[in-house]
Amino acid sequence: MTRPPVVLSIAGSDPSGGAGIQADLKTFSALGAYGCAAMTALTAQSTQGVTGIHVVPADFVRSQVETLVADVRLDAVKIGMLAAADVADTVSALIPSLRCPVVLDPVMVSTSGSRLLDEDAMAAVRRLVPLASVITPNLPEAAELLGGPVATSVGEMRAQARALLDDVGAQRVLLKGGHGNGPESVDVWADSSSTVELTAPRVDTANTHGTGCTLSSAIAPLRPAYDEWLPAVRAAKVWLTGALQAADELSIGQGAGPVHH
Ligand code: PLP
């Protein structure tokens, strides 16, 4: 009998399968982990956008996680869409019971422009940030967390990644530059000892739905195989680049299709 890394996603559902819980579970499987999932919200969603959100009551989010951790030992957790302030605060209170590394993707707005986090939930997400082992904001999310402008250069990204450590209390940051321009996709890693740029060729595909979720969710199942975070993050980025390069093999829906998990 084998026991692969057991990874829990606490996130929202995307019925189109490109983002959210569905993307997380596919990513965990592709990377050899056993995926578990607790849902914070249901979305009505296709490759063309989000048409509705139904938030799971915070107490029931707690029940899902408590029931699971009473039985299953977790090796890593990824937190995605939190939807509402009381859900975010409930997840914060659950962190000590998880007893494993936690990757927090501070999901706020979908690429198609729908809010996935209530405006008044920002303070709750900021409270959660210092409790996570690593946070993985994209450029607009970093700007919202810092209450400043969106970074437009790698130099500004480096400064914002450090500010997320120093001013918002993050333990480690992967600032995802996928929303930027240029021939390369540059992410910035920052922890207490270093600030490092991670580069990969920018992949030319329209099928980018869920790219940010997928990079964050690749880190969680890879972390148990490495002693440190940075090699796991580098491996996750290499894997995501392959998933983007293969994305055009899939033809799903009429909008922005998914990456190839
Ligand atoms: N839907 C859900 C449930 C998500 O968790 C996310 C991102 O985390 C999205 C949609 C957004 O994906 P995208 O920005 O690729 O549209």
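## Helix pairs, a hairpin and a ligand shell

α2 and α3 cross in the right-handed sense. Keep that in mind for the first exercise, and remember throughout that this is a predicted model.

**Exercise 1.** Work out how helix α2 and helix α3 are oriented to each other, and which residues make the contact.

*Solution.* Start with the geometry: α2 spans residues 58–69, α3 spans residues 85–98, and the two pack at an angle of about 15 degrees with their axes 9 Å apart. Angles under 35 degrees count as roughly parallel, so α2 is roughly parallel to α3. Next, pick out the side chains. From α2 come Ala58, Val61, Arg62, Val65 and Val69, while α3 brings Asp86, Val87, Thr90, Val91, Leu94, Ser97 and Leu98. Last, sort them by class: the contact of α2 with α3 holds eight nonpolar, two polar and two charged residues.

**Exercise 2.** Do the same for helix α5 and helix α6: find the angle, the handedness and the contact residues.

*Solution.* Look at residues 139–146 for α5 and 154–166 for α6; their axes lie 10 Å apart, at an angle of about 45 degrees. That angle falls outside the parallel, antiparallel and perpendicular ranges, so α5 and α6 are oblique to each other. The crossing in which α5 passes α6 is left-handed. On the α5 side, the contact uses Ala142, Leu145 and Leu146, and on the α6 side Gln160, Ala163 and Leu164. Sorted by class, the contact of α5 with α6 has five nonpolar residues, one polar and no charged ones.

**Exercise 3.** Now try α7 and helix α8: are they parallel or oblique, and what sits in the contact?

*Solution.* The axes of α7 and α8 (residues 229–245) come within 8 Å and cross at roughly 135 degrees. Only angles over 145 would count as roughly antiparallel, and α7 is therefore oblique to α8. The handedness is right-handed as α7 passes α8. For the contact, α7 supplies Thr211, Thr214, Leu215, Ala218, Ile219 and Leu222; the residues from α8 include Ala232, Val233, Trp239, Leu240 and Leu244. The class count for the contact of α7 with α8 comes to 12 nonpolar, two polar and one charged.

**Exercise 4.** Trace how β2 and β3 are joined and paired.

*Solution.* First find the strands: β2 covers residues 34–46 and β3 covers residues 49–55. Two residues lie between β2 and β3, which form a hairpin. The pairing is antiparallel and runs over six bridges. For one bridge to check by eye, take glutamine 45, whose partner in β3 is valine 50.

**Exercise 5.** Which residues come nearest the ligand, and which element gives the most to the shell around it?

*Solution.* There are 19 residues around the ligand, and the nearest are Gly12, Ala19, Gly20, Ser110 and Thr111. Going by element, β1 (6–13), β2 and α7 (211–222) each give two or more residues to the shell. β1 gives the most, with three residues. To finish, tally the classes: the shell around the ligand has 12 polar, six nonpolar and one charged residues.

Definitions and conventions. Residues numbered from 1 in each chain as written. Predicted model: local features only at pLDDT ≥ 70, side-chain atom pairs only at ≥ 80, totals over all residues. Pairing = 2+ DSSP bridges. Helix = DSSP H or I, 4+ residues; strand = E, 2+ residues; numbered from the N terminus. Axes fitted to C-alpha atoms, helices over the stretch in contact; angles between N-to-C directions. Parallel < 35°, antiparallel > 145°, perpendicular 65-115°, else oblique. Left-handed = near helix turned anticlockwise from the far one by under 90°. Contact = placed C-beta atoms within 7 Å. Nonpolar A, V, L, I, M, F, W, Y, C, P; charged D, E, K, R; others polar. Near = placed C-beta within 6 Å.
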